[in-house]
Amino acid sequence: MARGWAAMAGEQEPTPVRIGLERYLRHLGAPPPDVIQELSGRWADFVGPGLATRTRPRSLLDGHLVVQCEDGAWASQLGWMEAQIIERITQQLPTAGVVRITTRTG
C-alpha cells in the first residue's frame with residue numbers, strides 16, 4: 001500500500017498525509033478518523049441493536065454528535081436515551097469525547 005507524504009508548513013521534512021489530516025481534523029474540533037470509524041462500527045454497542053438499525057451517526061465535532069434517524073419517533077427514542085448513550089460511548093470509547101447528541105430525521 002502506498003503511503004502519502006506532504007510538507008507541512010514550517011517543517012523541512014515531508015510529513016505522512018495521515019498525520020497532516022489528523023492535525024487538520026484536530027484543528028477543526030474533530031476526532032481522529034479511527035475514532036469516527038470505531039464509533040460507526042460499534043454503534044449497536046452504544047445504542048442497542050434495535051435503535052442501531054434506525055439511526056446512524058453522521059458527524060462529530062467539538063463533542064457534538066449528530067445522528068441521522070429514520071423518523072421522529074426514533075429521534076425521540078434516541079433523545080430519551082441521550083445520557084445513557086453518552087455514558088456508554090465515554091466508557092467504551094473515551095477518545096470520542098461525545099458530550100452532546102442531536103438528531104436529524106429524514
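Strands β3 and β4 form a hairpin in which 2 residues lie between the two strands, and Asp-62 in the turn has a positive phi of about 50°. The structure is a predicted model, and this briefing covers that hairpin and then helix α6, whose buried residues pack against β4 among other elements.

**The β3–β4 hairpin**

- Strand β3, which spans residues 55-61, pairs with β4 in the antiparallel sense, and the pairing runs over 6 bridges.
- Leu-61 has His-64, a residue of β4, as its bridge partner.

**Asp-62 in the turn**

- Asp-62 lies in the loop that connects β3 and β4, and its phi is positive, at about 50°, although Asp-62 is not a glycine.
- Asp-62 counts as exposed because its relative accessibility is 61%, whereas the cut-off for that class is over 50%.

**Helix α6 and its two sides**

- Within helix α6, which covers residues 82-92, the residues Ile-85, Ile-86 and Ile-89 are buried.
- Seen down the axis of α6, these buried residues fall within an arc of 100°, and they therefore line one face of the helix.
- Ala-83 and Gln-91, by contrast, are exposed and sit on the other side of α6.

**What the buried residues of α6 pack against**

- Among the helices, the buried residues of α6 pack against α2 (33-41), α3 (43-47), α4 (49-52) and α5 (72-80).
- Among the strands, the buried residues of α6 pack against β5 (100-105) and against β4 (64-69), the strand that also pairs with β3 in the hairpin described above.

Conventions
Residues numbered from 1 in each chain as written. Predicted model: local features only at pLDDT ≥ 70, side-chain atom pairs only at ≥ 80, totals over all residues. Heavy atoms only, no water. Buried < 20%, exposed > 50% of the residue type's maximum accessible area, 1.4 Å probe, protein only. Helix = DSSP H or I, 4+ residues; strand = E, 2+ residues; numbered from the N terminus. Arc of directions from axis to C-beta. Contact = heavy atoms within 4.5 Å. Pairing = 2+ DSSP bridges.
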